[in-house]
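Work through these exercises with the model open beside you. Try each task before you read its solution.

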Amino acid sequence: MKLNKQDILKALEHITVPGEGQNMVESGAVKNVITFGDEVIVDITIKNPSLQAKKRTEVDILKIIHERVYEKAKITVNVKVEAPETPKANVIKGKAIPGIQNIVAIASGKGGVGKSTVTANLGVTLSKMGFKVGILDADIYGPSIPIMFDVEVEKPLAVNIDGKSKMKPVENYGVKILSIGFFTQPDQAVVWRGPMAAKALNQMIFDAHWGELDFLLLDLPPGTGDIHLSIMQSLPITGAVVVSTPQKVALADAKKGVAMFQQDSINVPVLGIVENMAYFVPEELPDNKYYIFGKEGAKHLAEDLKVPFLGQIPLVQSIREAGDVGRPAAMQTATPLEAAFEKLTQNVVQEVVRRNDDLPPTEAIKITTMAGCSAVKK
């Protein structure tokens, strides 16, 4: 029997591609039909990449042609998959916190590089610029933000919001703060497994009354572990800032920190890298710079990874002293330190504005394997 192309197409109008509504002819899935005697070749393109969908499509085509056209037809089905391209970032699907415009994670691959110091000074500088700022101390096992803001002995109060009891963050220097340090004794070690730590973080995030914030800064623990994944699963983070010192040992871990945020399954924009302890300036020789940990290592890393370089913070004794007494160094008016932190903060704000202009909101990630603001406010 000689088969007719139109008969084949008419038969295919009675079936659909798995997961699609229209029949496979109307939807354009059928790309070509060739007949020769009792032989027919059907070329079809589907969007579902699963093996079951491909097999189901092939079986349905064989069955409908045998039933409606010719039961002894010799049929060849060529199934091609063209899965729709997944966008780089999606609209927010996680639990965004009402009233918070931008959530910036401050991270480091390595401990001891001054990440919390940078977070504290970034927070107070943003506040001085007129922004509404909050800091969540997510370093469950080593909270240091309460010390740096001189609020170690403070306790968050409970407030009633819409009939629900919420934690009111502690506030100092115009910055709202929550930390696990408020709920433990100074000499008490937090010995928790990952799920317990994640639960505590979620309570500080979602059971708190942050109010209206332009920026919520997350002071993450060192490394690329469970706490980081819990945070990024809970919140749609605007972007991440990675802190490093210039030496090779720290840069190797900073590179991993950047890579974590850039993974396809995480996909948090990296706003840039900060080089802390970039050089030592002795008080008696303010014009001298001594590159104790190496010169411009983090700057070169930013260039290699093609991420913004946000600035250098010098190794100065008063930064440490200011952190220890609970008054961040950025509050020292008319000093080179204030200027350095202002420049850093301006660059961070600029990158946040650029990121919000160029990219859609970040999606709170769903890990299934082991694998805003204007720059000037009046």
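Helices (H or I, at least four residues) and strands (E, at least two) are DSSP runs, numbered from the N terminus. The model is predicted: local features need pLDDT of at least 70, side-chain atom pairs count only at pLDDT 80 or more, and totals for chains, interfaces and linings use all residues. Residues are numbered from 1 along each chain as its sequence is written, and side-chain values use heavy atoms, with hydrogens and water left out.

**Exercise 1. Place D150 and D162, and give their backbone and exposure.**

Step 1. Locate D150: it sits in the loop between helix 4 (145-148) and strand 6 (157-161). Its phi is positive, about 55 degrees, although D150 is not a glycine.

Step 2. Classify D150. Buried means under 20% relative accessible area, exposed over 50%, partly exposed in between (1.4 Å probe, protein chains only). D150 has a relative accessible area of 48%, so it is partly exposed.

Step 3. Turn to D162, in the loop between strand 6 and strand 7 (164-168). D162 is not a glycine, yet has a positive phi of about 55 degrees. Its relative accessibility is 80%, so D162 counts as exposed.

**Exercise 2. Describe the surroundings of V133.**

Step 1. V133 belongs to strand 5 (residues 133-137). At 1% relative accessibility, V133 is buried.

Step 2. List contacts (heavy atoms within 4.5 Å). Leaving aside neighbours within four places in sequence, V133 is in contact with G123, L126, S127, G174, V175, K176, L213, F215 and L217.

Step 3. Compare sequence with space. V133 and L216 are 83 residues apart in sequence, but 5.9 Å apart C-alpha to C-alpha.

**Exercise 3. Check the length of helix 10, then examine E351.**

Step 1. The expected span of a helix is 1.5 Å times one less than its number of residues. Helix 10 (residues 336-358) has 23 residues, so it should span 33 Å; its end C-alpha atoms are 33 Å apart, which agrees.

Step 2. Find E351 in helix 10. The buried residues of this helix include F341, L344, V348 and E351. E351 is buried because its relative accessible area is 13%.

Step 3. Beyond four places in sequence, E351 touches L271, P308 and L310.

**Exercise 4. Characterise the largest cavity and the largest pocket.**

Step 1. Fix the terms. On a 1 Å grid over the protein atoms alone, a cavity is a set of points where a 1.4 Å probe fits but cannot get out; a pocket is an open set with protein on both sides within 12 Å along at least five of seven lines; lining residues have an atom within 4 Å of a point.

Step 2. The largest cavity holds about 40 Å³ of space. Helix 3 (115-128) and helix 9 (317-325) are the elements that give two or more residues to its lining. Among the lining residues are T117, N121, M148 and I319.

Step 3. The largest pocket holds about 480 Å³. Of the 18 residues that line this pocket, the closest to its centre are V281, P282, E283, V316 and S318. Strand 12 (270-280), helix 9 and helix 10 each give two or more residues to the pocket lining.

**Exercise 5. Judge the confidence.**

Step 1. pLDDT is the predictor's confidence in each residue, from 0 to 100. The protein chain has a mean pLDDT of 81, and 86% of its residues reach 70 or more.

Step 2. Mark residues 87-94, where pLDDT stays under 50. Mark residues 367-378 too, where pLDDT is below 50.

Definitions and conventions
Grid points are joined across faces, edges and corners, and a volume is the space filled by probe spheres set on the points.
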